[in-house]
Amino acid sequence: MYPLELQKLIELFKKLPGVGNKTAERYALLVLEMEEAEVEEFAEGLLDAKRKITECEICGNYTNGKHCDICLDAQRDESVICVVSSARDILAIEKLNSFQGRYHVLGGLISTVNNVMPNDLNIDKLLLRLNDEVKELILAFSPTLEGETTALYLSKKVDESVVISHLAQGLPMGGQLEYADEMTLLRSFENRKKV
Ligand SMILES: [Zn+2]
């Protein structure tokens, strides 16, 4: 059996998604082989990110200030807001280098099974953002029951002057947006359908 501290490190690595016993063991042993300065940098990096990264006050994206880079970027189109369930989805869409509008993070999707109601989500803030300049909302949700329910709810809440569009079919049913391959995501973005 491993010494207590090593065993604990292995358990910590196992908290990461997709990391099982073997991989956790490999990571932990790798840490032991690293220079102490390198391990310190690693530990400080974790803490620093955790302490300094918060949610953008406007859109909910990750930021180290009040507002995220996308909200601060005057070049981006204010007339289109892409609505996503989590800030991770923004990273996936930004990688496509195709969308030039703004974002809004809901912080989840409506789910009766998991007892997530509209009030639990960042919906009020989104509705407040819908001024005359906003012409289109792109609902970029995973094609799940929760995604459909949330889209339906939003389409009833949003004024008719704002066009609502959905990502086109082609995304894996029930799959997570962030795991879709880039081509599929790009195609479903460009072929989005008006509701
Ligand atoms: Zn923002």
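Me: How many aromatic pairs does the rule give in this structure?

Reply: The count comes to two aromatic pairs. The model is a predicted one. As a general idea, a pair of aromatic rings is described by the distance of the centres and the angle of the planes. In the case of phenylalanine 13 and tyrosine 27, the centres are 5.4 Å apart and the planes stand at 70 degrees, an edge-to-face arrangement.

Me: Where do phenylalanine 13 and tyrosine 27 lie?

Reply: Phenylalanine 13 belongs to helix 1 and tyrosine 27 to helix 2 (residues 21-33), so the pair ties together parts that are 14 residues apart in sequence.

Me: Is phenylalanine 13 buried or exposed?

Reply: Phenylalanine 13 counts as buried because its relative accessibility is 16%, and buried means under 20%. Its partner, tyrosine 27, has 31% relative accessibility and therefore counts as partly exposed.

Me: Which residues form the other aromatic pair, phenylalanine 99 being one of them?

Reply: Phenylalanine 99 pairs with tyrosine 103, again edge-to-face, with 5.2 Å from centre to centre and 70 degrees between the planes. Phenylalanine 99 has a relative accessible area of 9% and is therefore buried. Tyrosine 103 is likewise buried, at 1%.

Me: I should like to turn to salt bridges. How many salt bridges does the structure hold?

Reply: Side chains of opposite charge can pair when their charged atoms come close. The structure holds four salt bridges. One of them joins the side chains of lysine 52 and aspartate 48, at 3.0 Å from N to O. Both residues lie in helix 3, and because they are four residues apart, about one helical turn separates them. Aspartate 48 is partly exposed, with a relative accessible area of 39%.

Me: Which residue meets arginine 76 in a salt bridge?

Reply: Arginine 76 meets glutamate 94, with an N to O distance of 3.0 Å. Arginine 76 is placed in the loop between helix 4 (69-72) and strand 3 (80-84), and glutamate 94 in helix 5 (residues 87-94), so this salt bridge ties together parts that are 18 residues apart in sequence. At 7% relative accessibility, arginine 76 counts as buried, whereas glutamate 94 is partly exposed at 25%.

Me: What does glutamate 78 form with arginine 102?

Reply: Glutamate 78 and arginine 102 form a salt bridge whose closest N and O atoms are 3.9 Å apart. The pair links distant parts of the chain, 24 residues apart: glutamate 78 is in the loop between helix 4 and strand 3, and arginine 102 is in strand 4 (residues 102-105). Glutamate 78 counts as partly exposed, at 42% relative accessibility, while arginine 102 counts as buried, at 7%.

Me: Let us consider surface patches. Which residues gather in a patch of negative charge?

Reply: A patch is made of residues that have over 30% relative accessible area and no salt bridge. In this structure, Glu35, Glu36, Glu38, Glu40, Glu41 and Glu44 gather in a patch of negative charge on the surface. Glutamate 35 is situated in the loop between helix 2 and helix 3 (36-52). With a relative accessible area of 59%, glutamate 35 is exposed.

Me: Which residues form the nonpolar patch on the surface?

Reply: Tyr2, Leu29 and Leu32 form that nonpolar patch, and together they have about 260 Å² of accessible area. Tyrosine 2 is found in the segment before helix 1 (4-13). Its relative accessibility of 32% is why tyrosine 2 counts as partly exposed.

Notes. Residues numbered from 1 in each chain as written. Predicted model: local features only at pLDDT ≥ 70, side-chain atom pairs only at ≥ 80, totals over all residues. Heavy atoms only, no water. Patch = residues over 30% accessible without salt bridge, like charges linked within 9 Å, V, L, I, M, F, W, Y side chains within 5 Å. Areas by Shrake-Rupley, 256 points an atom, 1.4 Å probe, with all protein chains shown as cover. Helix = DSSP H or I, 4+ residues; strand = E, 2+ residues; numbered from the N terminus. Buried < 20%, exposed > 50% of the residue type's maximum accessible area, 1.4 Å probe, protein only. Phe/Tyr/Trp six-rings, centres within 6.5 Å; stacked < 30°, edge-to-face > 60°. Lys, Arg positive; Asp, Glu negative; His and termini not counted. Charge placed at Lys NZ, Arg CZ, Asp CG, Glu CD.
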